[in-house]
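Let's take a walk through this one together. Have the sequence and the model open side by side as you read.

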Amino acid sequence: MDADYWSFESCLAEQARLPCTLKLDVEGHGHLLGANESDLHVGAKVSIPMWLAPTLILNDWLDFNIPPPFMQRVKRALNANARSVRLSTLVGNGGEWYGFGKLVADVLEESQAKELQAVLLTTFKERFVDLMDQAQHFGGIPSSAGADSMGDTGADFREGLEMTERELFLLAQESAKAVRLWYESTDRKEH
Amino acid sequence: MSDWPTLPGGSWSNGHSHLPSPSPEPAAADADADADADELALDAERADAVTLLVRAWTGERCAPDVRAFEGELVGRIMGYLDAQAKLIGVLKVDGASEEDHEKIGLVQMEMDRVGWLLRSYIATRQEKLIRYAPYINATPAMQTRLSVAEQTLVESYQQIFEESLIRDVVGNLPEELQALDEVLPDGRSMVSQPDLDKAVFIRAKQDCGPVLMPDGSSLEIKKRGIHLISYRVVEQLVLRGEVELT
Amino acid sequence: MALPANLMRSPLPAELEFIALQQTDILIRPHFSMGKIRLLSGSYGPFRATANIEVPLWVGKYMKQQGKCSLIPPVWLSVEWLEEKLRQEISRPEEFAPLPFRFAEIAKVFLDIAADDVPSPERVRSLLKDLREVRQAKTRKGLALLDEMELRMTGLGSMEINELRPFLTRAMGVMRVLASEPEVPASTADNTFVTSMDDGW
């Protein structure tokens, strides 16, 4: 989820596939597009990895559909309560929901792209404070506030984190743990 | 050893020994001096050579890019450490009083502490130098921020890194995959650059004029204000010392 | 050796304590006499038994650990002061009560090695913990305002900032990418097919 050549997350997001429909015949190269047969014709359904899709779409070789993780049904669920949606289920374990979504937005026309980006941003904002709470609860000083407010939904929420969120969770947990260990450490000398 | 001017009226050991004095007495704390509120007095900080080193350390740790090397300061502090070490050696040989022992303990502790700060400062820079070596080598403006030793480090590092990469990996790949400076269609480059848009925490030492945000709006940064903000937006304020990275 | 990558994300709490020890002056009451000492960070002394004198916190810690002095706690490290700040912290939900920037580090040092010099150390400890919790809850609320550009967090202490730093800088980075303009391929090798971009999808 960052603009670095060496970013592993970008790499992961780019593996996600976009459902597409061919707008021209492809003779002999079907396997390159992930199909079983080598000759494909106009209207054939293929699913193209995100790293390849922009070029093909820009060249008007194919049409694509909004992939399932970003369809209306999901948007409605996010609208109702972003925290209760399991993003990890939408993109498979270890998947990048935000990264994938941004790549999809990048190939959409402007108004659709803006709408999808708004969904991504709003979802992120609505989840990340809870995410930090949970991480601090599991790494930090036991506190009377914090994760208690989530009750049993905490475990569900954690399992529903997608990859970027998991990385953030680990960052917050690591910090909270470092602070807790520091508070617990001592320089007292036994006399 | 006697580079350090001894100020009249202050030797560190009652005339038994003659450690050179470190840099001249610190000037009064800069921005914090114009205390206008109780809470500010709570945060009055020192303004001596070690404080400057602490600021350099903090700045280097918090800034996404490599900052200008504090060569003069590092040299000054190294000279002092050297002189202190020699004099402690002399004192120990001559046999020291109990009071001297106490002072030697403190001076040694300070040397350890300042030595750690120096090493950590240099190591922080080295991490960035290695991470961004190809970029630095290709960017003369960056090289001016480095000490001579650091420039040598960056050049040698890149040479060794590329030799090993070519020998062990890239050399065995098809020719079109051998580039070490590939740029992807979306603009991401194999040559990593410091991300100047990265968010940093700043603490304002004074009221700053409005700063221009990426979306064209402007932001008022008030004295003592703490903001999480893109480094690029406040870089000039940081360089001018109006805000501190923290 | 270059610095390990995880240290580049944020200084360690122990490193911030080191800085606080360096940058904070405190009063001590020596149990001994000693002439003036000139250190890189300034001159201190002469030390006389029972006469309070100002030194850097690390000097005080060093002497205290040798049983050579008592530390005088700063005014703010007291039950009355902290109770007042806790009241303020609760009654003013929109801002952080002003505490010294390095209050957590300084308090930790005092309560760790010089608890016998702090009146009611347990009460002080628990007030600091309460303050920490109220401030954390406030931070949580404030974070709802975070966008990809800026967040004002005036009043936070150095240790509080440090704990939030890796998470918040990353979260802001994510938001920045999500809000950014499309990363359209700069140019394609073969653009003879780019004829009908306006067709819309």
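What follows goes from a pair of helices to a contact between chains, then to domains.

Keep in mind that this is a predicted model. A good place to start is chain A, with helix H5 (residues 97–107) and helix H6 (residues 110–139). Their axes sit 9 Å apart, and the two helices pack at an angle of about 165 degrees. Anything over 145 degrees counts as roughly antiparallel, so that's what H5(A) and H6(A) are to each other. The crossing itself is left-handed.

Who does the touching here? On the H5(A) side, the contact uses A:Tyr98, A:Gly101, A:Lys102, A:Val104 and A:Ala105. H6(A) answers with A:Ala113, A:Leu116, A:Gln117, A:Leu120 and A:Phe124. Sort these residues by class and you get seven nonpolar, two polar and one charged.

Now step out to where chain A meets chain B. Five residues of chain A and six residues of chain B make up that contact. The chain A side breaks down into three nonpolar, one polar and one charged.

Chain B has its own internal division: domain 1 covers 1–25 + 36–131, while domain 2 covers 195–246. Where the two meet, domain 1 of chain B supplies seven residues and domain 2 of chain B supplies eight. The domain 1 side of this contact has three nonpolar, two polar and two charged residues.

Last stop, chain C. An unreviewed UniProt entry lists residues 76–176 of this chain as "domain: GINS subunit". That span is 65% helix and 3% strand, and its end C-alpha atoms lie 40 Å apart.

Note on methods: Residues are numbered from 1 along each chain as its sequence is written. Chains are lettered from A and ligands numbered from 1 in the order in which they are written. This is a predicted model: local features need pLDDT of at least 70, side-chain atom pairs count only at pLDDT 80 or more; totals for chains, interfaces and linings use all residues. UniProt positions are given in the numbering used here, feature names are shortened, and annotations may be inferred rather than shown by experiment. Helices (H or I, at least four residues) and strands (E, at least two) are DSSP runs, numbered from the N terminus. Ala, Val, Leu, Ile, Met, Phe, Trp, Tyr, Cys and Pro count as nonpolar, Asp, Glu, Lys and Arg as charged, and the others, Gly among them, as polar. Domain bounds come from an automatic or database domain assignment. Axes are lines fitted to C-alpha atoms, for helices over the stretch in contact, and angles run from 0 to 180 degrees between N-to-C directions. Angles under 35 degrees count as roughly parallel, over 145 as roughly antiparallel, 65 to 115 as roughly perpendicular and the rest as oblique. A crossing is left-handed if the near helix is turned anticlockwise from the far one by less than a right angle, and right-handed if clockwise.
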